[in-house]
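User: I am new to this structure. Please take a close look at one buried strand and what surrounds it, then show me how the rest fits around that picture.

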Amino acid sequence: MVRRVAVVGAGCSGLACVKICVEEGLEPVCFESTDDIGGLWRFKDSREKEQPSIYRSLVTNTSKEMMCFSDFPMPDHFPNYLHNTQVLHYLRLFVQHFHLLKYFQFQTRVKNVVPRPDFSESGQWEVVTTSSSGEETRHIFDGVLVCSGQYNRPAVPLTDFTGYATFAGQCLHSWEYKDAEAFRGKRVVIVGIGNSGGDIAVEVSRVASKTFLSTRKGVWVMGRTLTRGLPVDLTSITRLNNILTNLPVRSLVNSWIEGKLNHTFDHGLYGLKPAYRFMDRKPLINDDLPGRILQGALVVKPNVKEFNGSAVLFEDGSEEKDVDAVVFCTGYRAAYRFLPVSLTDGPAHELQLYRKMFFPALHPPTLAVMGLFHVNGPNMPIMELQARWAVKVFTGLSRLPSKDEMLAVIARDKSMYTSYPDCEASLRVEYIPYMDFLAGEL
């Protein structure tokens, strides 16, 4: 019988897991390596190794109405789109309202999570933690919820570019970026056009002498508002739209959406037209990018080909000289070094996880990975649903399919994500339709 549950990490998913464990009569203990809650949403001036890091100006791309937990709406006086400090304040209110603080152990790092010798019968785990003073403690838990996130290990593909060692300027990852002041008056190349790449490119272009945005495949760009000025997710994430994306008329729906976006601004003229259809990947949410391009402060470039001293060469044959800095907005690789190697062998995006949560080979299923997904919509409701399902599996109120059935689902999903030739393997989970998470087991 599952009673005590270890929760690793005190970010959004960790808070949801603690609260739901308490609701279901379990005894959670949340281990957090820092001195506070918030995870990704807690801005810090300094960077800490293997900790998430955000930039000072970060604002949500999903509205407060859609991103809040189901039983704790955001305060009425909050704006529709929140600055990172307001998200953190909301999480503090959540912890205070549900009296969760007593379940957290701060400045406690999880070192190892290993199954006990009698795991096949008990399903129990030995969790080894270290305190800030280096003291090591061993705990026994009936279940483990891994909520340490996926934004703590930057992926910097320097070796993909010939001559990178000759570049004398500054190279950094978006994980290291805090604000644009360090780039004032400089010539800067931003590599990558996800949401972080778009935000940073726009911000840097306001102070740099010239900013170049390098993209390999382009991107569809949407603003934060849509019909009648309402938040885009509030009007676009509906059951009807989800049905349409799964009908044979998918191509027609793609053409209609792309036409609407090109009516706002022609992606081809701006050098942003992607090599994929709208519904094949998540769009870039950015209100200012087209304007910065139109003003000439930001120049769109194709993929970087090579470095040559202070010059950066691009795949179309163009070259930009006297480049002072390159910011790589090239994503992350989730790291779960505390889990058994038998579970995590291979790249993070290749973890064999049923519904992005459970290891098919693990029986009994008393460990779940939370938050390892990307969707075209808010994450927090999905994290809450994940937590509810995981707890029901732990307590036996919900049962998983057989190992073979779970592996078949994983293979089917993998085939679905790789059916688009322009999709990067490290981003496969980004193509899951948002409403699909609200169906089936979840």
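Analyst: A residue counts as buried when its relative accessible area is under 20%. Keep that cut-off in mind. The model is predicted.

Start with one residue. Val188 sits in strand β9. Its relative accessibility is 0%, so Val188 counts as buried. The strand around it follows suit. Of the 5 residues of β9, 4 are buried, so β9 is largely enclosed by the rest of the structure.

What touches Val188? Leave out residues up to four places away in sequence, and the list reads Phe183, Val204, Ala208, Lys210, Thr211, Phe212, Ala325 and Val327. Distance along the chain does not keep partners away. Val188 and Asp324 are 136 residues apart in sequence, yet their C-alpha atoms are 6.0 Å apart in space.

Now step sideways. β9 (187-191) and β10 (210-214) pair in the parallel sense, over 5 bridges. Within that pairing, Val188 stands opposite Thr211 of β10. Thr211 is also in contact with Val188. In a regular strand, side chains alternate between the two faces of the sheet.

Next comes a helix. α5 covers residues 195-205. Val204, one of the contacts of Val188, is among the buried residues of α5. The helix is mostly covered, with 10 of its 11 residues buried. Those buried residues are Asn195, Gly197, Gly198, Asp199, Ile200, Ala201, Val202, Glu203, Val204 and Ser205. An α-helix has 3.6 residues a turn, so residues three or four places apart point the same way. What does the covering of the buried residues of α5 include? β9 and β10 are part of it. So are β12 (284-285), α9 (289-294), β13 (298-301) and β17 (325-328).

Move along to the hairpins. β14 (304-308) and β15 (311-314) pair in the antiparallel sense over 4 bridges. Val304 has Phe314 of β15 as its bridge partner. The hairpin has 2 residues between the strands, and Gly309 takes a positive phi near 65° there. β15 then pairs with β16 (319-320), again antiparallel, over 2 bridges. Here Leu313 has Glu319 of β16 as its bridge partner. This second hairpin has 4 residues between the strands, and Gly317 in it takes a positive phi near 90°.

Another sheet deserves a look. It is an open sheet of 5 strands, ordered β3-β2-β1-β7-β18, with parallel pairing. Its edge strands are β3 (104-105) and β18 (367-369), and each pairs on one side only. Strand β2 (27-31) runs parallel to β3, joined to it by 2 bridges. At that join, Cys30 stands opposite Phe104 of β3.

Then the nonpolar cores. The largest has 92 residues, and Leu145 and Phe358 have the most contacts inside it. α11 gives the most to this core, with 9 residues. A core of 24 residues lies apart from it, with Phe31, Val110, Val144 and Leu362 among its members. Return to Phe358. Beyond its neighbours within four places in sequence, it is in contact with Gln352, Leu353, Pro365, Leu367, Ala368, Trp389, Ala390, Val393, Phe394 and Leu400.

Two of those contacts, Pro365 and Val393, lead to a pocket. They are among the residues nearest the centre of the second largest pocket, along with His363, Pro364 and Arg399. That pocket holds about 440 Å³ of space. Its lining has 24 residues, divided into 12 nonpolar, 8 polar and 4 charged. α4 (119-122), α11 (380-394) and α12 (403-417) each supply at least two of them. α11 thus appears twice, in this lining and in the largest nonpolar core.

One closed space remains. How many cavities of 30 Å³ or more does a search of the whole structure find? The search finds 1. The largest cavity holds about 50 Å³ of space. Glu32, Thr34, Asp36, Gly39, Arg42, Lys44, Gln51 and Pro52 line it. That lining divides into 1 nonpolar, 3 polar and 4 charged residues.

Back to the start. Val188 is buried at 0% relative accessibility. Its strand, β9, pairs with β10, and both strands help cover the buried residues of α5.

Note on methods:
Residues numbered from 1 in each chain as written. Predicted model: local features only at pLDDT ≥ 70, side-chain atom pairs only at ≥ 80, totals over all residues. Heavy atoms only, no water. 1 Å grid on protein atoms, 1.4 Å probe; cavity = no way out; pocket = protein on both sides within 12 Å on 5 of 7 lines; lining within 4 Å. Points joined across faces, edges and corners; volume = space filled by probe spheres on them. Nonpolar A, V, L, I, M, F, W, Y, C, P; charged D, E, K, R; others polar. Core = buried A, V, L, I, M, F, W, Y, C linked by side-chain atoms within 4.5 Å. Buried < 20%, exposed > 50% of the residue type's maximum accessible area, 1.4 Å probe, protein only. Contact = heavy atoms within 4.5 Å. Pairing = 2+ DSSP bridges.
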